[in-house]
Amino acid sequence: MDEHVFSAIRGVRRNLTAEALFVGISLGVLAQALRQVQGEPMQFGAATAPWLTVGFALAVWAAGRRAGGRVLAAYLIAWLVAYHVLFAVAQSVSSAAAFREALPWLLLAPPICVALAPIAALARRSGIAGDTCLAAPIAWSLPETIENAQRGDVLAAAAIAVVSVLPVFAAGRRNVRIATVVVAVIAFGALALVAGPALRGHIHS
């Protein structure tokens, strides 16, 4: 009986990972395709925050099955590979050039997953800690939301803002204290507004 239970659990985990890989590949292709379209689609496709937020939302959802870290890693690596492979095809550049473009992000992926997996797990819990964790993707989306709004790309800014709240829905049916989320967004958002542009300035997207 125990063997059947463990086999079922392993099967669920494999399915979650496969689903995360599929979503990562699909959205990586979509992001790069949007990047090739002039105007607001390009700004949304070239953004970083919304695509990372989707991975975080998947991790929050999968944390209920103790698979958040695995799902986040599968999604993020698949997204990065698909995004840069299509970049190489669309721009007719060599695989070496595409790899150089992707390498800084691939190196960042493991520490990002290590940092965000426990945050995603906490986000499923009720209370101040959980609500504070839900504020993280909204905060890291602020720089790109504001940047696009100031540039006049209102639809791109709105799309980034909408995606930033997806983890709230992924957290399941629990009470969320809006006041706690707002305070955390203000605190983390101020940090993101300072650190975000500096980080993006050193890494090409």
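## Around helix α6

Just past the end of α6, G152 adopts a positive phi of about 95°. Keep in mind that this is a predicted model.

Helix α6 itself covers residues 128-151, which makes 24 residues. At 1.5 Å a residue, α6 should span 34 Å, and its end C-alpha atoms sit 35 Å apart, so the two figures agree. There's a bend along the way, though: α6 turns by about 40° at L142. A proline, P143, follows within four residues of that bend.

## A115 in helix α5

Moving back along the chain, A115 belongs to helix α5, which runs over residues 95-123. Is A115 buried or exposed? Neither, quite: with a relative accessible area of 41%, A115 counts as partly exposed, because that label covers values between the 20% limit for buried and the 50% limit for exposed.

A115 can also be paired up with G69, which lies 46 residues away along the chain. The C-alpha atoms of A115 and G69 are 9.4 Å apart.

## The chain as a whole

So what is the secondary structure made of? It's helices: nine of them, with zero strands. Read along the sequence, that gives the pattern α-α-α-α-α-α-α-α-α.

Of the 205 residues in the chain, 40% are buried. Looking at contacts with a separation of 6 or more, 78% come from residues 24 or more positions apart. As for the outside, the chain has an accessible surface of about 10900 Å², and carbon and sulfur atoms account for 70% of that surface.

Terms used: Residues are numbered from 1 along each chain as its sequence is written. This is a predicted model: local features need pLDDT of at least 70, side-chain atom pairs count only at pLDDT 80 or more; totals for chains, interfaces and linings use all residues. Side-chain values use heavy atoms; hydrogens and water are left out. Helices (H or I, at least four residues) and strands (E, at least two) are DSSP runs, numbered from the N terminus. The expected span of a helix is 1.5 Å times one less than its number of residues. The bend at a residue is the angle between axes fitted to the seven residues ending there and the seven starting there. Buried means under 20% relative accessible area, exposed over 50%, partly exposed in between (1.4 Å probe, protein chains only). Contact means heavy atoms within 4.5 Å. Accessible areas come from the Shrake-Rupley method with a 1.4 Å probe; for residues, only the protein chains shown count as cover.
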